[in-house]
Amino acid sequence: MKQAPRAWYKKINSWFVHNGFERCPYKHTLYVKSIDPGDILIMCLYADDLIFIGNNSKLIVEFREVMISCFEMTNLGLMSYFLDIEVNWRDDGIFISQRKYAHDILKKFKMENSKFVSTPVEEKLKLIRDVEGKRVDATLYKSLIGSPRYLVATRPNIIFGVNLLSIFMEEPLISHLQEAKRVLRYIKGTLTDGIFYAKNNHGWIYRQ
């Protein structure tokens, strides 16, 4: 069974390379093709799925038809959900969020009814490794900090707090746990937040 996916990937990788796509050196399932003047196609492979986007509707249609013809793929239309990311296509752009995943995190740690805070990290927060401090369960702490890591794709404003608290995963104290829960309390009040990519005549504009 493992040989079939490998053979399929080898075949499609060869096709991309021979048709002007460049494979990302850091993400081998990501391919980019630049076409003069200023047109671009971005394609990502995930298991037996193929996701692509571009800035030229004619090229997108042509590419889709070639994939259907050469690889017997099925056109599933516009992507609405991928790897816990919800995609909302609008006339003025694209909005991506992870509301369901965020809600699942809160439910997992029994914080769906927690009190909202306006920032993920306290202003001028200082955390230390205190050998005299009261320790908490490291497994729980790692799980609590690890879960929001998958939210940073659509919630970059929590990156600082999550990375800071990750430093203390081996020997977490109660003060660290309290701050980790603060991140979740912030998420609780911002469940509908995400990233909006506005569309204009010059391409896409990122807004949070």
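Visitor: Which residues does Ile158 contact, once its neighbours within four places in sequence are left aside?
Guide: In this predicted model, Ile158 is in contact with Pro120, Pro148, Leu151, Val152, Tyr186 and Ile187. Ile158 itself sits in the loop between helix 4 and helix 5.

Visitor: Why is Ile158 called buried?
Guide: The term buried applies under 20% relative accessible area. Ile158 has a value of 0%, and therefore counts as buried. Its C-alpha atom is separated by 9.0 Å from that of Thr119, a residue 39 places away along the chain.

Visitor: What makes Glu122 partly exposed rather than buried or exposed?
Guide: Partly exposed covers the range between the buried limit of 20% and the exposed limit of 50%. Glu122 has a relative accessibility of 38%, so it falls in that range. This residue is in the loop between helix 3 and helix 4. Not counting residues up to four places away in sequence, Glu122 touches Glu179 and Arg182. From His103, which is 19 residues away in sequence, Glu122 is 22 Å away in space, C-alpha to C-alpha.

Visitor: How do you know that Gln98 is buried?
Guide: The relative accessible area of Gln98 is 4%, and the limit for buried is under 20%, so the term applies. Gln98 is located in the loop between strand 7 (93–97) and helix 3. Residues up to four places away in sequence apart, Gln98 touches Asp84, Ile85, Glu86, Tyr150, Leu151, Ala153 and Thr154.

Visitor: Why does His176 count as buried?
Guide: With 0% relative accessibility against a limit of under 20%, His176 meets the criterion and is therefore buried. His176 belongs to helix 6. Between His176 and Arg129 there are 9.4 Å in space, C-alpha to C-alpha, although the two are 47 residues apart in sequence.

Visitor: Why are helix 4 and helix 5 called roughly antiparallel?
Guide: These two helices pack at an angle of about 150 degrees, with their axes 10 Å apart. Angles over 145 degrees count as roughly antiparallel, so the description fits helix 4 and helix 5. The crossing of helix 4 past helix 5 is left-handed. On the helix 4 side the contact is made by Tyr141, Ile145, Pro148 and Arg149, and on the helix 5 side by Val162, Asn163, Leu165 and Ser166.

Visitor: What makes up the contact between helix 4 and helix 6?
Guide: The axes of helix 4 and helix 6 come within 10 Å and cross at roughly 35 degrees. Here too, helix 4 passes helix 6 in a left-handed crossing. Helix 4 contributes Tyr141, Leu144, Ile145 and Pro148 to the contact, while helix 6 contributes His176, Leu177, Ala180, Lys181, Leu184 and Ile187.

Visitor: Which residues touch the most other members of the largest nonpolar core?
Guide: That core has 23 residues, and those touching the most other members are Tyr141, Leu151, Leu165, Leu184 and Ile187. At least two residues of this core come from each of helix 3 (99–108), helix 4 (138–149), helix 5 (159–166) and helix 6 (174–189). Helix 6 supplies the largest share, six residues. A second, separate core has twelve residues, among them Ile12, Met43, Leu50 and Met73.

Visitor: What does Leu184 touch, not counting residues up to four places away in sequence?
Guide: Leu184 touches Ile105, Leu106, Phe109, Met111, Leu144 and Pro148.

Visitor: How many aromatic pairs does the structure hold?
Guide: There are nine aromatic pairs.

Visitor: Why is the pair of Trp15 and Phe21 called tilted?
Guide: The ring centres of Trp15 and Phe21 are 6.4 Å apart, and pairing requires a distance within 6.5 Å. Their planes stand at 40 degrees, which is neither under 30, as for a stacked pair, nor over 60, as for an edge-to-face pair; the pair is therefore tilted. Phe21 is also buried, because its relative accessible area is 6%.

Visitor: What makes the pair of Trp15 and Phe71 edge-to-face?
Guide: The planes of Trp15 and Phe71 are at 85 degrees, and values over 60 count as edge-to-face, so the pair receives that name. Their ring centres are 6.2 Å apart. Trp15 is in helix 1 (residues 3–18) and Phe71 in helix 2 (residues 57–71), so the pair ties together parts 56 residues apart in sequence. Phe71 is buried, with a relative accessible area of 11%.

Visitor: Which residues form one aromatic cluster with Trp15?
Guide: The cluster is formed by Trp15, Phe16, Phe21, Tyr31, Phe52, Phe63 and Phe71.

Definitions and conventions:
Residues numbered from 1 in each chain as written. Predicted model: local features only at pLDDT ≥ 70, side-chain atom pairs only at ≥ 80, totals over all residues. Heavy atoms only, no water. Core = buried A, V, L, I, M, F, W, Y, C linked by side-chain atoms within 4.5 Å. Buried < 20%, exposed > 50% of the residue type's maximum accessible area, 1.4 Å probe, protein only. Helix = DSSP H or I, 4+ residues; strand = E, 2+ residues; numbered from the N terminus. Contact = heavy atoms within 4.5 Å. Phe/Tyr/Trp six-rings, centres within 6.5 Å; stacked < 30°, edge-to-face > 60°. Axes fitted to C-alpha atoms, helices over the stretch in contact; angles between N-to-C directions. Parallel < 35°, antiparallel > 145°, perpendicular 65-115°, else oblique. Left-handed = near helix turned anticlockwise from the far one by under 90°.
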